[in-house]
Amino acid sequence: MDETFILNELKSLILSKTGIRTITPADCKRISIEISKTLNKNVSETTIKRLFGFAMVKHNFSKFTLTTLSEYVNEEYAEIGNSSLNLSKQTSLRTWKEIHDKATKVTDFTLKSVRNRSGMPYELTIGRKFAEHDFEDFFKNNYSFTCFISQPGYGRTILLSHLAEKFLTSDLPEYKDSTLLFITAYSFFNKDHISPNFEDQLKLQLGIHPKDSLVSYIKQNYNASGGNS
């Protein structure tokens with residue numbers, strides 16, 4: 001995966017962690033200070049401005065910068081900095097359990113981001129019964145795709161976050177062997193990455209080697225457990 005995708009992913013995760021909706025140059029100083037307090041490592045305000053396009057980028061970001069930013073957003077994303085620089089050394093996850101655990105970590109991080117960026121206290125938001133019924137119908141039948149469509153600001157993200165929480169916390173046997181990956185659309189669609197390779201980006205998120213087949217992993221899981229992914 002190219003460095004452009006890595007940088008976009010880091011920017012998305014930083015904004016999610018800090019709860020910043022629309023970043024300004026003044027926010028870059030705050031982010032630099034937060035990194036210093038959290039990790040006792042220095043990523044300058046100017047470097048943060050370069051990352052978010054407020055200053056000219058004269059050279060590639062260093063391995064130290066990428067790794068530090070990855071450590072800041074979450075420890076489990078620390079490998080992002082290395083993967084952008086030396087993807088040839090990436091090792092594939094060996095079992096579906098490892099992939100399942102990775103997907104769960106990403107989902108947990110996305111849920112935390114939704115809570116932090118909610119326009120009202122998240123505990124006051126509610127799920128939608130129609131969405132739960134539609135999801136259960138999708139899950140229990142031989143469908144490969146479903147979607148929820150609405151105008152901006154109508155609560156699609158909150159709706160999906162409640163569905164994801166219910167899925168993860170459910171003790172129903174039909175969910176037990178299945179895997180959920182809840183991820184922001186910005187990870188795939190943004191102004192710098194308008195025609196992404198969906199499979200490649202999913203493999204990067206899940207730690208699957210670029211040369212391995214995502215479909216093969218999913219088929220192996222289904223044949224072994226009967227669980228959905």
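1. G207 sits in the loop between α10 and α11, where α11 covers residues 214-225. This is a predicted model, and the note should be read with that in mind. G207 comes after α10, and its phi is positive, near 80°. Is G207 buried or exposed? Its relative accessibility is 17%, so G207 counts as buried, the cut-off being under 20%. Look also at I99. Along the chain, G207 and I99 are 108 residues apart, yet their C-alpha atoms are separated by 7.4 Å.

2. Now step back into α10 itself. This helix spans residues 198-206. Which of its residues are buried? They are Q201, L202, K203, L204, Q205 and L206. Note that K203 is on that list. After the helix comes G207 with its positive phi.

3. Compare N40. It too has a positive phi, of about 60°, although N40 is not a glycine. Where is N40 found? It is in the loop between α2 and α3. N40 has a relative accessible area of 70%, so it is exposed, the cut-off being over 50%. G207, by contrast, counts as buried.

4. The whole chain comes next. The protein chain has 11 helices and 0 strands. Read from the N terminus on, its elements run α-α-α-α-α-α-α-α-α-α-α. Of the 229 residues in the protein chain, 41% are buried. The accessible surface of the chain comes to about 13600 Å². Carbon and sulfur atoms account for 53% of that surface.

5. How do distant parts of the sequence meet? Take the contacts in the protein chain with a separation of 6 or more. Residues 24 or more positions apart account for 65% of them. Points 6 to 8 give examples of such meetings.

6. The largest nonpolar core has 22 residues. Those with the most contacts inside this core are I14, I31, I48, F52 and L69. Four elements give two or more residues to the core: α1 (3-18), α2 (25-39), α3 (45-51) and α4 (63-73). Which element gives the most? It is α1, with 6 residues. F52 shows how the pieces meet. Leaving out residues up to four places away in sequence, F52 touches K11, I14, L15, I23 and I31. Apart from this core lies another, of 15 residues. V114, F135, L163 and Y175 are among its members.

7. Helices α2 and α4 cross. Their axes come within 10 Å, at roughly 80°. That angle falls in the range 65 to 115, so α2 is roughly perpendicular to α4. Which residues meet there? From α2 come E34, I35, T38 and L39; from α4 come T68, L69, E71 and Y72. Pick out L39, which lies in helix α2. At 23% relative accessibility, L39 counts as partly exposed. Not counting residues up to four places away in sequence, L39 touches T68, E71 and Y72. L39 and T68 are 29 residues apart in sequence, but 8.1 Å apart in space, C-alpha to C-alpha.

8. V73 is also in helix α4. Its relative accessible area is 2%, so V73 is buried. What does V73 contact, leaving aside neighbours within four places in sequence? The partners are L10, L13, I14, K17 and F109. K11 gives a distance to check in the model. The C-alpha atoms of V73 and K11 are separated by 9.5 Å, with their positions 62 residues apart along the chain.

9. Last, the aromatic rings. The structure holds 4 aromatic pairs. One of them joins F135 and F138. Its ring centres are 6.2 Å apart, with 50° between the planes, and the pair is tilted. Why do these two sit about one helical turn apart? They are 3 residues apart in helix α7, which spans residues 129-140. An α-helix has 3.6 residues a turn, so residues three or four places apart point the same way. F135 is buried, and F138 is buried as well. Ring pairs also link F135, F138, F139 and F167 into a cluster. F135 ties two points together: it belongs to the core of 15 residues and to this ring cluster.

Note on methods. Residues numbered from 1 in each chain as written. Predicted model: local features only at pLDDT ≥ 70, side-chain atom pairs only at ≥ 80, totals over all residues. Heavy atoms only, no water. Phe/Tyr/Trp six-rings, centres within 6.5 Å; stacked < 30°, edge-to-face > 60°. Buried < 20%, exposed > 50% of the residue type's maximum accessible area, 1.4 Å probe, protein only. Core = buried A, V, L, I, M, F, W, Y, C linked by side-chain atoms within 4.5 Å. Contact = heavy atoms within 4.5 Å. Areas by Shrake-Rupley, 256 points an atom, 1.4 Å probe, with all protein chains shown as cover. Axes fitted to C-alpha atoms, helices over the stretch in contact; angles between N-to-C directions. Parallel < 35°, antiparallel > 145°, perpendicular 65-115°, else oblique.
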